[in-house]
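I sat down with this entry to look up its charged pairs, its pocket and its surface, and I keep my notes below in the order in which I worked.

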Amino acid sequence: ICIFYYNSMLDWNMYYFHIQLLNNPSYWLRDDDGTVVKQKGDGSFPQPPDGMLVYDFRQQVVIDFFVQKCINMTKSKYIDGCFVDRANQELNSGSFSKYKFNSTDMSTFQAGHNKMLGTLQKELGD
């Protein structure tokens, strides 16, 4: 069994779909001031010094983008499933404290994040 590691908050730049995300700036999470949200990951892995992009799960197109990347990985004979890290992180967690989000944006993001996880689980099966 081989599981693909996928972070639901951080756009790790070692994956090929990082380029696709870069080419779709409308998929990037922005706060209420329009600031692009970036987060740092585990410091033992190479990453941009200012942090990584965060997926904007307030948008259905981003939910579909994220789900399809995992599903596509499992279509090979080498990958059996996906492990989605930071599945329980929300915009009101400490790492997002420097950004401004109103309560509607926070709840819409959380609902989209949960929808993505549910859709992915349904697509992959139990």
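**Notes on charged pairs, pocket and surface**

I began with D105, which has a relative accessible area of 17% and is therefore buried, the cut-off for buried being under 20%. I keep in mind throughout that the model is predicted.

I then asked which side chain D105 meets in a salt bridge. The partner is R58, with 3.4 Å from N to O. R58 lies in the loop between β3 and α2 (60–74) whereas D105 sits in helix α3, so this pair ties together parts that are 47 residues apart in sequence. Following shared partners, I found that salt bridges join D56, R58 and D105 into one network.

I looked next at the other link in that network, where R58 forms a salt bridge with D56 and the closest N and O atoms are 2.7 Å apart. I checked the cover of both side chains: D56 counts as buried at 6% relative accessibility, while R58, at 24%, counts as partly exposed.

I searched the whole structure for such pairs, and the search finds four salt bridges. Among them is the one between K38 and D50, whose closest N and O atoms are 2.9 Å apart. This pair links distant parts of the chain, for K38 is in strand β2 (residues 38–39) and D50 is in the loop between β2 and β3 (52–53), 12 residues apart. I noted K38 as partly exposed, with a relative accessible area of 25%, and D50 as partly exposed too, at 46% relative accessibility.

I turned to the largest pocket, for which I noted a volume of about 190 Å³. Which residues lie nearest the centre of the largest pocket? Of the 10 residues that line the pocket, they are C82, L120, Q121, L124 and G125. I traced the lining back to the secondary structure and found that β4 (81–85) and α3 (103–124) each supply at least two residues, with α3 giving the most, namely four. By character, I recorded the lining of the largest pocket as five nonpolar, three polar and two charged residues.

Last, I looked at the surface, where I1, I3, Y5 and F83 make a nonpolar patch of about 460 Å². I singled out I3, which lies in strand β1 (residues 3–7). At 46% relative accessibility I3 counts as partly exposed, because that class runs between the 20% limit for buried and the 50% limit for exposed.

Methods
Residues numbered from 1 in each chain as written. Predicted model: local features only at pLDDT ≥ 70, side-chain atom pairs only at ≥ 80, totals over all residues. Heavy atoms only, no water. Patch = residues over 30% accessible without salt bridge, like charges linked within 9 Å, V, L, I, M, F, W, Y side chains within 5 Å. Areas by Shrake-Rupley, 256 points an atom, 1.4 Å probe, with all protein chains shown as cover. Buried < 20%, exposed > 50% of the residue type's maximum accessible area, 1.4 Å probe, protein only. 1 Å grid on protein atoms, 1.4 Å probe; cavity = no way out; pocket = protein on both sides within 12 Å on 5 of 7 lines; lining within 4 Å. Points joined across faces, edges and corners; volume = space filled by probe spheres on them. Nonpolar A, V, L, I, M, F, W, Y, C, P; charged D, E, K, R; others polar.
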